[in-house]
Amino acid sequence: MKAIAAYLLAVLGGNTSPSADDIKNILGSVGAEADDDRIELFLSEIKGKDIVEVIAAERGEGGGERGI
């Protein structure tokens with residue numbers, strides 16, 4: 001969940017395609033540990049997708065965390 005929040009913060013900050021390093025830097029800036037495997041899984045699952053559409057689709061399906 002931390003990786004997703006960091007990704008969304010980067011997007012809100014104007015980075016339309018945050019990298020694993022961007023996410024790690026955001027997490028590190030607040031003293032949170034980065035889980036490389038979870039970050040890579042998350043990035044692979046959303047690669048090429050519009051984050052707004054992903055969120056809308058999840059909300060339409062009832063949402064919920066899917067382990068990423």
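1. In this predicted model, helix H1 and helix H3 pass each other in a right-handed crossing. Their axes lie 9 Å apart and the packing angle is about 55°, and the two helices are therefore oblique to each other, since this angle falls in neither the parallel, the antiparallel nor the 65 to 115 degree perpendicular range.

2. The residues that bring H1 and H3 together are Ala-3, Ile-4 and Tyr-7 on the H1 side, which meet Ile-39, Phe-42, Leu-43 and Ile-46 on the H3 side. Sorted by class, this contact holds seven nonpolar residues, with no polar and no charged ones.

3. For H1 and H2, the axes are 9 Å apart and the packing angle is about 105°, which makes H1 roughly perpendicular to H2. From H1 the contact draws on Lys-2, Ala-3, Ala-6, Tyr-7, Leu-9 and Ala-10, while H2 supplies Ile-23, Ile-26 and Leu-27. Eight of the residues in the contact of H1 with H2 are nonpolar and one is charged, and none is polar.

4. The remaining helix pair to consider is H2 and H3. The axes of H2, which covers residues 20-29, and of H3 come within 10 Å and cross at roughly 130°, so that H2 is oblique to H3. The crossing of H2 with H3 is right-handed.

5. In the contact between H2 and H3, Ala-20, Ile-23, Lys-24 and Leu-27 of H2 meet Asp-36, Ile-39, Glu-40 and Leu-43 of H3. The class division for the contact of H2 with H3 is five nonpolar and three charged residues, with no polar residue.

6. Several residue names recur when the contacts are read together. Ala-3 and Tyr-7 of H1 appear in the contact with H2 and also in the contact with H3. Ile-23 and Leu-27 of H2 take part in the contact with H1 and in the contact with H3, and Ile-39 and Leu-43 of H3 are listed in the contact with H1 as well as in the contact with H2.

7. A further point concerns the second largest pocket, which holds about 160 Å³ of space. Its lining consists of Tyr-7, Val-11, Thr-16, Ser-17, Pro-18, Leu-43, Ile-46, Lys-47, Gly-48, Lys-49, Asp-50 and Ile-51. The elements that give two or more residues to this lining are helix H1 (2-12) and helix H3 (36-46). The lining residues divide into six nonpolar, three polar and three charged. Tyr-7, Leu-43 and Ile-46, which belong to this lining, are also among the residues at the contact of H1 with H3.

Methods:
Residues are numbered from 1 along each chain as its sequence is written. This is a predicted model: local features need pLDDT of at least 70, side-chain atom pairs count only at pLDDT 80 or more; totals for chains, interfaces and linings use all residues. Side-chain values use heavy atoms; hydrogens and water are left out. On a 1 Å grid over the protein atoms alone, a cavity is a set of points where a 1.4 Å probe fits but cannot get out, and a pocket is an open set with protein on both sides within 12 Å along at least five of seven lines; lining residues have an atom within 4 Å of a point. Grid points are joined across faces, edges and corners, and a volume is the space filled by probe spheres set on the points. Helices (H or I, at least four residues) and strands (E, at least two) are DSSP runs, numbered from the N terminus. Ala, Val, Leu, Ile, Met, Phe, Trp, Tyr, Cys and Pro count as nonpolar, Asp, Glu, Lys and Arg as charged, and the others, Gly among them, as polar. Axes are lines fitted to C-alpha atoms, for helices over the stretch in contact, and angles run from 0 to 180 degrees between N-to-C directions. Angles under 35 degrees count as roughly parallel, over 145 as roughly antiparallel, 65 to 115 as roughly perpendicular and the rest as oblique. A crossing is left-handed if the near helix is turned anticlockwise from the far one by less than a right angle, and right-handed if clockwise. Contact means heavy atoms within 4.5 Å.
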